[in-house]
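Colleague: I'd like to go through this one with you and ask where each label comes from. Could you set the values against the cut-offs as we go?

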Amino acid sequence: MLPRPLSQRHSHPCRRLIFCIVLPALVLAGCVSRAPAPPPDQSGDFTVIGKLSVRGAGDPVSARFRWDQLGPDFTVELWGPFGQGRRRLAGSDGKIDLLDGQGGILTSGPAAEIMRRNLGFELPLDSLRYWIQGQPDPALPVQSLAADPNRTAAVSFRQSEWLIELLERDPDGRPRRVRASGRGYEVRLALSRWLAVEAV
């Protein structure tokens, strides 16, 4: 009786050995090659709470704020120490309502005019909704874009006579500190809490 070929005699032990070696290697390879989760999408709707300061031709302005953005519609609520002087801007497409703390409409009209007359400064809210997320306004040309290759958000860029700088991000990639300078203003945004999006 002829002996079995070597490959047949050791087929079962070899299979067990290969299985024991290859399976853990595949599991480890899967763990190593799995890319980290990308930062949250920062180009759409959002709700964020923070603090802003505005320096310009007049007296410096500092306030806490909550910004709710849902599509083109937004509300930006502003208040001072201990919740005093609470005001709300609500609108879209360059037009806003200015409301008091109880929700009553104080005045309505073009955003720049309402802000200048009632708040002492004016900001391009239609673009700021993107800048606050560390992204250029897609409706405007971009100059001097400096991008971080390891993140989705830009580091700095120029748009419409403004220089926007993303100074700090949180561990999830969301902006934490943003500075916008232009048209005689320096605006600093300290973003403390990004929340689940709520209806405006």
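Modeller: Gladly. The protein chain has four helices and eleven strands; helices are DSSP runs of H or I with at least four residues, strands are runs of E with at least two, and both are numbered from the N terminus. This is a predicted model, where local features need pLDDT of at least 70 and side-chain atom pairs count only at pLDDT 80 or more, while totals for chains, interfaces and linings use all residues. Residues are numbered from 1 along each chain as its sequence is written, and side-chain values use heavy atoms, with hydrogens and water left out.

Colleague: What makes β7 and β8 a pair?

Modeller: Two strands pair if DSSP finds at least two bridges between them. β7 and β8 (residues 154-159) have three bridges, in the antiparallel sense, so they pass that cut-off. Ala146, for example, stands opposite Ser156 in β8.

Colleague: And why is β7 called an edge strand?

Modeller: The open sheet runs β6-β5-β4-β3-β2-β1-β11-β10-β9-β8-β7, with antiparallel pairing. β6 (105-110) and β7 (143-147) each pair on one side only, which is what the edge label refers to. Neighbouring strands of this sheet are turned by 20 degrees against each other on average, direction ignored. Axes here are lines fitted to C-alpha atoms, for helices over the stretch in contact, and angles run from 0 to 180 degrees between N-to-C directions.

Colleague: Which pairings does β10 make?

Modeller: β9 (residues 162-169) and β10 (residues 175-182) pair over seven bridges, and β10 and β11 (residues 185-195) over six; both pairings are antiparallel. Trp162 has Gly182 as its bridge partner, and Val178 has Leu189. The hairpin of β9 and β10 has five residues between the strands, whereas that of β10 and β11 has two.

Colleague: Why is Arg179 called buried?

Modeller: Buried means under 20% relative accessible area, exposed over 50%, and partly exposed in between (1.4 Å probe, protein chains only). Arg179, in strand β10, has 18% relative accessibility, so it counts as buried. Leaving aside neighbours within four places in sequence, its contacts (heavy atoms within 4.5 Å) include Leu163, Glu165 and Glu186.

Colleague: Why do Ser144 and Ser160 get other labels?

Modeller: Ser144 sits in strand β7 and reaches 55%, so it counts as exposed. Ser160 lies in the loop between β8 and β9; its 31% makes it partly exposed.

Colleague: What makes their phi values worth pointing out?

Modeller: Most residues other than glycine have a negative phi. Ser144 has a positive phi near 55 degrees, and Ser160 has one of about 50 degrees.

Colleague: How do you know that there is a cavity?

Modeller: On a 1 Å grid over the protein atoms alone, a cavity is a set of points where a 1.4 Å probe fits but cannot get out, and lining residues have an atom within 4 Å of a point. The structure holds one cavity of 30 Å³ or more, and about 80 Å³ of space lies in the largest cavity. Grid points are joined across faces, edges and corners, and the volume is the space filled by probe spheres set on the points. Its lining includes Phe65, Trp67, Met115 and Leu189, and β2, β3 and α4 (125-131) each supply at least two lining residues.

Conventions:
On a 1 Å grid over the protein atoms alone, a cavity is a set of points where a 1.4 Å probe fits but cannot get out, and a pocket is an open set with protein on both sides within 12 Å along at least five of seven lines; lining residues have an atom within 4 Å of a point.
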